[in-house]
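Work through the exercises below with the coordinates open. Each task is followed by a solution in steps.

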Amino acid sequence: MGKKVLVVDDDPDVRLFSTTVLEENGYLPLEAENGEEGLRMIKSEKPDLVILDVLMPRQSGIRLFRQLKIDAALKDVKVLILSGIAKKTFLRSQQALTEFGEGQVPEPEFYIEKPVDAEVLASTIKKALE
Amino acid sequence: MKIKKILFVTKFEELGYDALKALLSLRKSALEHVVFMHVIERDKVAMQRGVGYKKDEAIRLKETANIRFIDWAERLFEQGLEVGVYIQVGSLAAEVAKAVRKEEADLVVIGRSHKTAMEQFYSGSTVIELIRRLSIPVLVYKPVSNNPFVTGTPFQRPLIASDWSPASLSAVDYVLQLKPLIEEVRVIHVADEDAIEGSSVMNAQKTRKEVKARLEEICTRFQSAGIAARSHVYVGRPAQEIEKAAQECQATMVVLGSSSKNRWVERWIGSTPRAIAEQSAFPALLIPPAME
C-alpha cells in the first residue's frame, strides 16, 4: 500500500489538485479543510507526510506546524508547506511567536510557494518521503 | 466577553488595511486572532440565460480577494497574530453568521453599507440584518480620514449612549472589559423632548437631575475600574443628539445597545442604532439584545 499523505487546505480546488498528483504517483491521499481538522487527522491517521497550507479558517498552518514541532509524539511528522504566504513571512511569524515565549521550532524542510506545477509537487513529495 | 477573535468583513472599497491597523490596538486587551471575510454577492455570478453560472467570474473575484488577504495576512502573521480567511459566494448576512458560528468570533467588524435608501427599504439594512442574526457585537467602522472630528483609535474615547435598556447596560459591561485601550468614557442619555415640553421648569430640572444621577452611577462603575468617565444629558431626537454629543466630546466611537424592534417596524420607522450605524460619521459599536 502507498504511503499516506494528508493534504490540509481550505481550498477544494487545491485539495483536488494535490490529491490527484498524489494518486497519480501511487500515494494514498487524505484530506482536511483546516488546521484543527488536520491535527485531529494527523493524530488518528498518522500520515507519512503532511502537505500544509498556511492561511486557513479555524487554525492556520503556522499554528499547526508549531503544534506538531513542539509535541514530542508528533515532531517527526514530515511537513511540506504549500502556500501563497511567502516563506519569509512564515519564518518571521514563527520568530515572533518564539519571542512571545511559545518555544523554538525548526524551519520547515520543504516549502513551496503557490502556484506549483504538478511535476514540482510530485518531485518534492518524493524527496520528502525518501 | 474579551475580544480574542475578530471577524473582519470587507468589500475592500469601504474597509481596508488602515481600518485593520486601527483595530490592532485591541491586542493590548486580548486580541490574538483576525479572520478576514469577503462575500461575493450571488447576483454577480448567478445563473443567467445563455451564460449559465459565471464560474470564471467567480474564480476571478475570489482570487482578487485572496491576493488582498494574503498581503494583509502576511503583515499580521509577522506580528505574531493568528490569521484566517473566508471567501464565499452568497448572501452577506447569512455567510457572516455561518462564519461567526464556525470561528466562535467575539466581534464582527464591517464597513458602512453602500445601499441606497430605496434599496435598504426593500432589502433591509445589512448591518441590522447582521445584528438580528448574531449574538455578538458588531462594529460598523468608518474611516477616520473621512471624519475631521475623529482622531485616535476607535476604542480610545468611546461614547456610550444609554436608553437604560438591558442591551445598553450590556454595552457598559462590554466597554469596561476594554480598559487597557480606553483613555476616557463619556456616557450620555437623550431625554425625550415630550417629557420636557409643557412641564414646569422645576419638572424639567427634576427630569434632568434624575437622568444625571443614573448616568453618574454608570460613571462610578468606570471610575471604580480606573477609567475616567463623564456624563451628559441631551434632549431631542436620539440619533441627531448622539451625533452632536460625539462631536462635542471628541469621541472616537459611539457604543449603543441594538434595537429590539421587529423587522417591519424598523423598515417603516427606522431605529436609532440603524441611523447611527448607517449615517453617523463615527464608528458604531452595536451590542445585541441577545447579550442581555
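Two residues are in contact if their C-beta atoms, placed from the backbone, lie within 7 Å. Angles run from 0 to 180 degrees between N-to-C directions, with axes fitted to C-alpha atoms. The model used throughout is predicted.

**Exercise 1. Describe the fold and overall dimensions of chain A.**

Step 1. Start with the elements: chain A has five helices and five strands. Along the sequence they follow the pattern β-α-β-α-β-α-β-α-β-α.

Step 2. Compare the radius of gyration with the globule rule. The value for chain A is 14 Å, close to the 14 Å that the rule gives for 130 residues, so chain A is as compact as a globular protein of that length.

Step 3. Add the box and the burial. The C-alpha atoms of chain A fill roughly 40 × 30 × 30 Å along the principal axes, and 35% of the 130 residues count as buried.

Step 4. Check the sequence separation of the contacts. Taking contacts in chain A between residues at least 6 apart in sequence, 71% join residues at least 24 apart.

**Exercise 2. Determine the strand order of the sheet in chain A, and place helix 2 and helix 5 of chain A on the strands.**

Step 1. The five strands form an open sheet in the order 2-1-3-4-5, with parallel pairing.

Step 2. Find the edges. Strand 2 (28–32) and strand 5 (110–113) of chain A each have a single partner strand, so one side of each is left without a neighbour in the sheet.

Step 3. Obtain the twist: neighbouring strands of this sheet are turned by 20° against each other on average, direction ignored.

Step 4. Inspect one pairing. Strand 4 (residues 78–83) of chain A runs parallel to strand 5 of chain A and is joined to it by four bridges. A:Leu80 stands opposite A:Phe110 in strand 5 of chain A.

Step 5. Place helix 2 (residues 35–45) of chain A. Helix 2 packs on the sheet and touches strand 1 (4–8), strand 2 and strand 3 (49–52) of chain A, and its direction makes about 165° with that of strand 1.

Step 6. Place helix 5 (residues 118–129) of chain A. This helix lies across strand 1, strand 3, strand 4 and strand 5 of chain A and runs at about 170° to strand 5.

**Exercise 3. Identify which elements of chain A touch chain B.**

Step 1. Count the residues: 16 of chain A are in contact with 15 of chain B.

Step 2. Assign them to elements. Helix 3 (61–70) and helix 4 (87–102) of chain A are the elements that give two or more residues to this side. The largest share, six residues, comes from helix 4 of chain A.

**Exercise 4. Work out how the two domains of chain B meet.**

Step 1. Take the division into domain 1 (1–141) and domain 2 (146–285).

Step 2. Count the contacts: 19 residues of domain 1 of chain B are in contact with 19 residues of domain 2 of chain B. On the domain 1 side, helix 5 (126–133) and strand 5 (138–141) of chain B each supply at least two residues.

Step 3. Examine the burial of helix 5 of chain B. The buried residues are B:Thr126, B:Val127, B:Ile128, B:Leu130, B:Ile131 and B:Arg132. Six of its eight residues are buried, so helix 5 of chain B is largely enclosed by the rest of the structure.

Step 4. Turn to the largest nonpolar core. Of its 112 residues, B:Leu7, B:Val108 and B:Val254 touch the most other members. Helix 2 (residues 55–77) of chain B gives the most to this core, with seven residues. Domain 1 and domain 2 of chain B both give residues to this core, so it lies between them.

Step 5. List neighbours of one member. Leaving aside residues up to four places away in sequence, B:Val254 touches B:Leu159, B:Ala161, B:Ile242, B:Ala246, B:Ile276, B:Ser280, B:Phe282 and B:Ala284.

**Exercise 5. Trace the sheet of chain B from edge to edge.**

Step 1. Its 10 strands form an open sheet in the order 3-2-1-4-5-10-9-6-7-8, and the pairing is mixed.

Step 2. Strand 3 (82–90) and strand 8 (228–235) of chain B stand at the edges with a single partner strand each, so one side of each is left without a neighbour in the sheet.

Step 3. Strand 2 (residues 33–41) and strand 3 of chain B pair in the parallel sense over nine bridges. The bridge partner of B:Ile40 in strand 3 of chain B is B:Val89.

Methods:
Residues are numbered from 1 along each chain as its sequence is written. Chains are lettered from A and ligands numbered from 1 in the order in which they are written. This is a predicted model: local features need pLDDT of at least 70, side-chain atom pairs count only at pLDDT 80 or more; totals for chains, interfaces and linings use all residues. The radius of gyration is taken over C-alpha atoms; the globule rule is 2.2 Å times the number of residues to the power 0.38. A residue is buried if 20 or more other C-beta atoms lie within 10 Å of its own, exposed if 12 or fewer, and partly exposed in between; C-beta atoms are placed from the backbone. A nonpolar core is a set of buried Ala, Val, Leu, Ile, Met, Phe, Trp, Tyr and Cys residues joined through C-beta atoms within 7 Å. Domain bounds come from an automatic or database domain assignment. Two strands pair if DSSP finds at least two bridges between them.
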